[in-house]
Amino acid sequence: MKAMLVAFVAVAAISVGSNLILMQIGFSSQDRYAGPDVRLDD
Amino acid sequence: MLRALIALMLTLSFLSTANAQDAAAPDRSATGGAQTLEDIMARQRGEPVDNGFRSGLTGDPDSAAGISEQLGTLGGASDPDLWRALRFGSADISASNNGPAATTLIQDGGMNWLQLREGPVAIYGGYLLLATIALLALFFFVRGRIRIDGEKTGNKITRFKAVERFGHWLLAGSFILLGVTGLISLFGRKVLIPVFGHDAFSFLAVGSKWIHNNVSWAFMLALVMIFVMWVVHNLPHKSDINWLLKGGGIFSKGHPPAKKFNAGQKLIFWSVIVLGTSISVSGLSLLFPFEINMFAATFAKLNALGISSALGLGELREVLAPHEEMQYAQLWHAIVSFVLMAIILAHIYIGTVGMEGAYDAMGSGDVEEQWAREHHSIWVDEVMAEKQAASKGATPAE
């Protein structure tokens, strides 16, 4: 039972972590495909 | 299974291509080789039209009229030539945004994809899951719970270590999240929006997308863990043949001998590994749009090896628009996922309500010795022999 709960927490941690990493390295479609003239965040 | 899936998908997608090739070339002399009213009407009726007669007619700059002559300013390509180049993806386009999709202004795979996605894929996929649940319910009412036949001993044998159970639940937890959010994404427009409305579904869709995209990494990691930890125990063994011939003893008294994993569990394992890998690869292709294109290359290989013609699909298209690569990846991702979901529903059933004593293997990791003797007799003998050898080895030599 403990292994199951730890695994579920790990699913959440890996998900949040991977999202942070992908955002950091600029792998969102916005960063990959928008040209310098596009200001999506403004 | 995988070959049948490939055949199904390709048959659905390429019926139109095969038909187009069978038809005799129509007479277009009345229009000077341009498309005829019959071409236009056929397209409007949704029939396949081979555009090969006009897709290459995009002008010739080398034979352009002089700049001061009539049409000279167009540089050898008339306006229809330019539109054909845009329509068939051969125009030289530069765009201020990046990526291959930015310079593909027109692609016509989208309608096919949309109709397959919200038609056969969603309908047959949905029925597959419902039918699996119905069959399992029927099986439960006919066969009932598979009980431990013999007297329980009270002794426990460790079946899965903590790290093995962690890997299993990492895979299981992520798979269920991915399955549910995938179904929400697929059935959103047709089923959920009419019921909940756009505002509520918008919230659900944004959340589902975040979960689906990010939980995928836990699934892929767990898939690698499971493969590394259990592949040795899932290699074929001669006892598997006997087990399969007796149908795992599911309808008879007593169970055929089995090692740590019986043939049924091995089938589940390899389904998870093969289909899970296929889902992961197509998922990665969708996660990083236009970066990983697999279908044009796969179709080229199927053509080269003669598999496509052997399946009666004719020549598959070897040049696909970037969007079409994504469309095929999405269809493949959904179809294979439906098959794996159906298999996993059966796995969840047999691991919980379907069989007494089975859940302990993944719950505490320790199983009742009598359960183990009935379902995995060869494995129990191996474990006992190891224990005896260990206890002998522990006796200090005098």
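The exchange below concerns chain A of a predicted model and its contact with chain B.

The model is predicted, so local features need pLDDT of at least 70 and side-chain atom pairs count only at pLDDT 80 or more, while totals for chains, interfaces and linings use all residues. Residues are numbered from 1 along each chain as its sequence is written, with chains lettered from A and ligands numbered from 1 in the order in which they are written.

Colleague: How many residues of chain A count as buried, in percent?
Modeller: A residue is buried if 20 or more other C-beta atoms, placed from the backbone, lie within 10 Å of its own. Chain A has 42 residues, and the share of them that meets this criterion is 12%.

Colleague: Which helix gives the most to the side of chain A that touches chain B?
Modeller: Two residues are in contact if their C-beta atoms, placed from the backbone, lie within 7 Å, and 20 residues of chain A are in contact with 21 residues of chain B. Helices are DSSP runs of H or I with at least four residues, numbered from the N terminus, and both α1 (2–24) and α2 (29–33) of chain A supply at least two residues of that side. The most, eleven residues, comes from α1(A).

Colleague: Why is α1(A) described as oblique, rather than parallel, to α6(B)?
Modeller: The axes, lines fitted to C-alpha atoms over the stretch in contact, come within 8 Å for α1(A) and α6(B) (residues 162–196) and cross at roughly 50°. Angles under 35 degrees count as roughly parallel, over 145 as roughly antiparallel, 65 to 115 as roughly perpendicular and the rest as oblique. The crossing angle therefore makes the relation of α1(A) to α6(B) oblique.

Conventions. Axes fitted to C-alpha atoms, helices over the stretch in contact; angles between N-to-C directions.
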